[in-house]
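Please work through the exercises below with the sequence and the coordinates open beside you. Each one sets a task and is followed by a solution in steps.

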Amino acid sequence: MKANAQMEQQSEAIVKFHNVVKRFGNFTAVEKADFEIGRGEFLAIMGSSGCGKTTTLRMLAGLEDPTEGAIYLDGEKVNGKATWDRDTPMVWQSLALFPFLTVQENVEFALKMRGVGKEERRQRAEKWLEKMQITEFANRNINQLSGGQKQRVALARALVTEPKILLLDEPLSALDAHLKVRMQAVLSNLQKDLGITFVYVTHSMSEAFSMADRVVIMSRGQIEQIGTPEEIYREPYNRFVAEFLGSANIFDGVVQGPAGADGWQVAYEGGETILPKSERPDARQGQKVTFIVSAENMQLSLPDSGQPGIEASVAGEEFIGGTAMVFLETAGGQELKVQKSHDELSVLNLHPGSKVVVHWESGSCHVLPGENK
Amino acid sequence: MGNENRIINALLKLHIVLCLLFIFAPIAGSFVFSLNSDRFPSLPLGEFSTEWYRLIWEDPLVWQGFGNTLVVGLTVAVIATILGFGGAYTDFRYNFTGKSVYVALALLPPTIPVVIMGLAMLAFLSRVNLSGTTISVIIAHGVMCSPFAMAIIRLRLSQMDPDLEAASWNMGGNQWQTLRYVIIPFTKPAIFAALFITMAVSFDEFAVAWFVSGLNETLPVKILGFLQGQVSPRINAIGSLAFLSSMTLIILAQLLLRSPEEEK
């Protein structure tokens with residue numbers, strides 16, 4: 001599916017952002033957004049609140065106009081084109097269902113606005129009610145529905161015009177964890193069935209990474225990285241992304257010189273390590289590098305084992321299903337995270353204040369290419 | 001509820017009962033005496049009688065005043081509600097510099113002392129040769145009633161999820177369609193409430209009408225005329241009817257403002 005989506009995307013993009021800037025007064029909400037969205041792609045735009053992700057979506061919907069740059073939708077430049085003249089339906093965080101209309105009337109709304117006749121409206125709405133499995137609620141009032149049912153009405157209402165692209169603004173944020181996962185499955189399957197483009201704005205990494213073909217990570221109006229979930233997870237581009245993902249330890253180091261045929265000797269505060277040469281082939285002596293080691297690639301030993309590494313003391317532990325995240329603090333004050341199975345940890349018999357030595361295989365280091373450029 | 005003080009509770013209840021008594025005792029009294037055969041209101045009561053209602057029923061002056069009141073009230077209700085809706089929607093929809101001044105000015109008329117309002121209206125309307133006509137009363141009452149309509153509709157709009165409007169645009173509804181299919185249906189209860197309340201305000205309004213109505217007197221102005229001529233239990237009968245009609249309008253408005261969809 002992913003490879004498929006990428007091929008289609010190469011053939012033709014449905015959305016192009018060309019150096020798009022959006023300012024509100026002195027505040028820059030989106031800074032030089034420049035990317036494309038492929039036909040049939042599921043793209044997630046992720047970031048914390050105020051990062052510009054919703055503004056980006058609203059510009060695509062035509063609810064905001066870019067201050068600079070151009071947005072192309074299906075090959076046409078759409079700057080200044082009113083939202084009611086576009087076919088870019090949106091599923092709202094608040095759902096924004098009309099409380100004075102029945103479920104059926106809500107779903108028919110977009111068709112009514114486009115002047116579609118009564119009988120055709122009814123038939124098309126019924127098809128979508130059926131597809132979303134809410135036919136039995138057709139004549140209900142919106143306030144008589146549960147959260148999940150409302151979600152389905154919102155989706156049916158947005159899709160009734162059979163658009164080429166669907167915009168979703170944190171649609172699942174109000175649901176409880178169980179329902180959220182179920183609706184994620186509904187959305188994923190729907191997108192595959194319809195083969196249309198989904199642009200999904202969220203602050204939740206698990207939502208973005210589990211559903212999207214590609215993820216855009218934004219912070220303070222800037223796009224920090226675009227890539228498949230695997231790419232972003234394995235190879236975060238810069239410190240922001242690595243910190244945002246939260247599962248890696250970040251080190252600032254300086255290249256000391258070559259180490260063997262395919263490595264660099266790197267010194268960092270608290271120790272030295274070997275980076276694979278492939279991570280930064282053009283490095284010179286004295287160059288600064290920032291690299292990460294993911295929490296699950298870190299190893300722990302007791303100080304008396306004689307294993308070289310960083311000495312640290314245990315600050316605490318957090319359970320994550322079958323594993324635990326151990327939080328450590330080095331003498332220099334740096335905080336480290338190590339993720340291990342409960343079995344491995346029980347052998348070490350750790351408790352807060354225990355001294356340990358942290359080390360890793362040289363191959364598990366990844367240099368952040370976006371830093372020290 | 002252990003933190004309730006019984007004495008304070010009792011005093012508060014007494015306070016409410018007294019307030020209601022002061023408001024409603026004269027009205028109830030006037031209602032009782034309107035059905036009393038004696039010419040002067042005195043105790044003990046005389047016989048039950050609908051004589052005074054018969055008299056006003058047969059009095060052409062009362063009918064004339066009632067007709068004027070009705071024409072003015074209905075017209076004012078429609079005009080004031082349209083103006084009020086416009087004012088409230090402008091406030092909801094747009095942000096502009098000086099908006100707070102605009103809202104304050106739009107809501108100002110009821111705070112102006114009625115005598116000053118009446119004099120100003122008279123001065124202005126006579127200058128444009130409108131004083132003494134039914135239209136002049138409609139204009140004056142329209143000015144006084146539209147802030148009430150605006151306040152009611154504004155309150156309703158403030159309860160609306162602002163995304164509803166954007167969602168309608170997003171689904172292909174242009175601004176007029178959105179006004180018609182989203183904003184007006186959403187505010188409908190408030191629009192009807194505004195119609196009833198502005199009508200009730202216009203029915204009861206005396207001072208400004210007295211200044212500008214000339215010969216086309218509305219019922220409250222007529223009542224004053226009756227009072228000046230002679231004390232008659234007819235006043236009680238008219239008063240009771242006027243009270244009943246105003247209360248009906250206000251109660252209807254209250255029922256509408258209970259926001260029906262939240263109850264379900």
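The exercises treat the two chains in turn, with the contact between them in the middle.

The model is predicted, with local features requiring pLDDT of at least 70 and side-chain atom pairs counting only at pLDDT 80 or more, while totals for chains, interfaces and linings use all residues. Residues are numbered from 1 along each chain as its sequence is written, and chains are lettered from A and ligands numbered from 1 in the order in which they are written.

**Exercise 1. The open sheet of chain A**

Determine the order in which the six strands of the open sheet in chain A are arranged, and explain what is special about strand 6 and strand 10.

Step 1. Helices and strands are taken as DSSP runs numbered from the N terminus, a helix being H or I over at least four residues and a strand E over at least two, and two strands pair if DSSP finds at least two bridges between them.

Step 2. With these criteria the six strands of chain A follow the order 6-7-8-3-9-10 in an open sheet, and their pairing is mixed.

Step 3. Strand 6 (90-91) and strand 10 (222-227) of chain A are at the edges, each with a single partner strand, so one side of each is left without a neighbour in the sheet.

Step 4. Within the sheet, strand 7 (residues 165-169) and strand 8 (residues 197-202) of chain A pair in the parallel sense over five bridges, and T197(A) in strand 8 is the bridge partner of I165(A).

Step 5. The unreviewed UniProt entry annotates residues 15-245 of chain A as "domain: ABC transporter", an annotation that may be inferred rather than shown by experiment, with positions given in the numbering used here and feature names shortened. Over residues 15-245 the chain is 37% helix and 26% strand, with end C-alpha atoms 27 Å apart.

**Exercise 2. Positive phi angles in chain A**

Locate L95(A) and R220(A), and decide for each whether the residue counts as buried or partly exposed.

Step 1. A residue is buried if 20 or more other C-beta atoms, placed from the backbone, lie within 10 Å of its own, exposed if 12 or fewer do, and partly exposed in between.

Step 2. L95(A), in the loop between strand 6 and helix 3 (103-113) of chain A, has a positive phi near 70° although it is a residue other than glycine; because it has 21 C-beta neighbours inside 10 Å, L95(A) counts as buried.

Step 3. R220(A), in the loop between strand 9 (214-219) and strand 10 of chain A, likewise has a positive phi, near 45°; with 15 C-beta neighbours inside 10 Å, R220(A) counts as partly exposed.

**Exercise 3. The contact between the chains**

Find which helix of chain B gives the most residues to the side that touches chain A.

Step 1. With residues in contact if their C-beta atoms, placed from the backbone, lie within 7 Å, the contact takes 17 residues from chain B and 19 from chain A.

Step 2. On the side of chain B, the elements giving two or more residues are helix 7 (163-170) and helix 8 (175-204), and helix 7 gives the most, with six residues.

**Exercise 4. Helix 6 of chain B**

Compare the expected span of helix 6 of chain B with the distance between its end C-alpha atoms, and examine where the helix bends.

Step 1. Chain B contains twelve helices and zero strands, and buried residues make up 37% of its 264 residues.

Step 2. The expected span of a helix is 1.5 Å times one less than its number of residues, so the 25 residues of helix 6 (residues 134-158) of chain B should span 36 Å, which agrees with end C-alpha atoms 35 Å apart.

Step 3. If the bend at a residue is the angle between axes fitted to the seven residues ending there and the seven starting there, helix 6 of chain B bends by about 30° at V143(B), and the proline P147(B) follows within four residues.

Step 4. Because 19 of the 25 residues of helix 6 of chain B are buried, this helix is largely enclosed by the rest of the structure.

Step 5. L83(B), which lies in helix 3 (residues 60-93) of chain B, touches G142(B), S146(B) and A149(B), not counting residues up to four places away in sequence.

Definitions and conventions
Contact = placed C-beta atoms within 7 Å.
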